Amino acid sequence: MHTQNETKDGKRLDHIAIAVENLEESLVFYKENLGLTLLDIEVVEEQGVRVAKLCTGNTHIELLEPLSPETPVGKFLAKNGPGLHHICLGVKDIKADLDLLKQSNTRLINDEPRIGAGGAQIAFVHPKATGGVLLELSQPQE
Ligand code: CMX
């Protein structure tokens, strides 16, 4: 049965990600000044980022620090400076969702799932398809 926190097929806002130069410096605001709880800091080599996960109820905020300037988030910071990087929908069956998006010729960045934070299967939808916002789909590890 679906709850008010998710759609009939189990989609829900999982997190909002913000690109930052330095996690520890950014955590002074989010954790100490704002009072959010830091759940975890994780290196996700495949994505080239160090991720701090902050609890915001049923969703979370992710702060993304690039592992080097050559990574995608490093390049994003060089081009745009710190700021909103992507939003993420948690999904129950990412392969089925990707198949549906392919059937509608939606422009995807990833045709097949990759591994993201927490071992989740993730895939990005191209911002051209979403109104200019990078959208991540994420199926949590069982
Ligand atoms: N917001 C809006 N547009 C963005 C964007 C962003 N954050 N990042 C990239 N784009 C745009 C680019 O400008 C580009 O547009 P054009 O096609 O018009 O030139 C397009 O999206 C594709 O970007 P790209 O960098 O050229 O394409 P890549 O395939 O090399 O990489 C992407 C795409 C988004 C996966 C990569 O840039 C990226 O950001 N990777 C990091 C992903 C990440 O945050 N992982 C977090 C893991 C933690 C977790 O599980 O949540």
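In this predicted model, a polar side-chain atom of H15 is found 3.4 Å from an oxygen atom of the ligand. H126 brings a polar side-chain atom to 3.1 Å from a ligand oxygen, and for K128 the separation between an N or O atom of the side chain and an oxygen atom of the ligand is 2.8 Å. On its own, the ligand would expose 960 Å², of which the protein buries 67%. The space that the ligand takes up is the largest pocket.

A look at the wider surroundings helps to place these contacts. The ligand has 20 residues around it, and those that come nearest are Q47, E62, H85, A117 and K128. Sorted by class, this shell is made up of eight nonpolar, seven polar and five charged residues. Four elements each supply at least two of the shell residues: strand 4 (59-66), helix 2 (72-80), strand 5 (83-90) and helix 4 (127-130). Helix 2 gives the most, contributing three residues.

Turning to the fold, the model holds an open sheet of eight strands with mixed pairing, and the strand order reads 2-3-4-1-5-8-7-6. Strand 2 (37-44) and strand 6 (114-115) are the edge strands, each pairing on one side only. Strand 2 pairs with strand 3 (residues 49-56) in the antiparallel sense, over seven bridges. Within this pairing, I41 has A52 of strand 3 as its bridge partner. Strand 4 and strand 5, which both supply residues to the ligand shell, also belong to this sheet, where strand 1 stands between them in the order.

Terms used. Residues are numbered from 1 along each chain as its sequence is written. This is a predicted model: local features need pLDDT of at least 70, side-chain atom pairs count only at pLDDT 80 or more; totals for chains, interfaces and linings use all residues. Side-chain values use heavy atoms; hydrogens and water are left out. A residue is near a molecule or strand if one of its heavy atoms lies within 4 Å of it. A polar contact is a pair of N or O atoms within 3.5 Å; within protein, one must be able to donate a hydrogen and the other to accept it, and residues adjacent in sequence count only if both atoms are side-chain atoms. Accessible areas come from the Shrake-Rupley method with a 1.4 Å probe; for residues, only the protein chains shown count as cover. On a 1 Å grid over the protein atoms alone, a cavity is a set of points where a 1.4 Å probe fits but cannot get out, and a pocket is an open set with protein on both sides within 12 Å along at least five of seven lines; lining residues have an atom within 4 Å of a point. A molecule sits in a cavity or pocket if more than half of its atoms lie within 2 Å of its grid points. Ala, Val, Leu, Ile, Met, Phe, Trp, Tyr, Cys and Pro count as nonpolar, Asp, Glu, Lys and Arg as charged, and the others, Gly among them, as polar. Two strands pair if DSSP finds at least two bridges between them.
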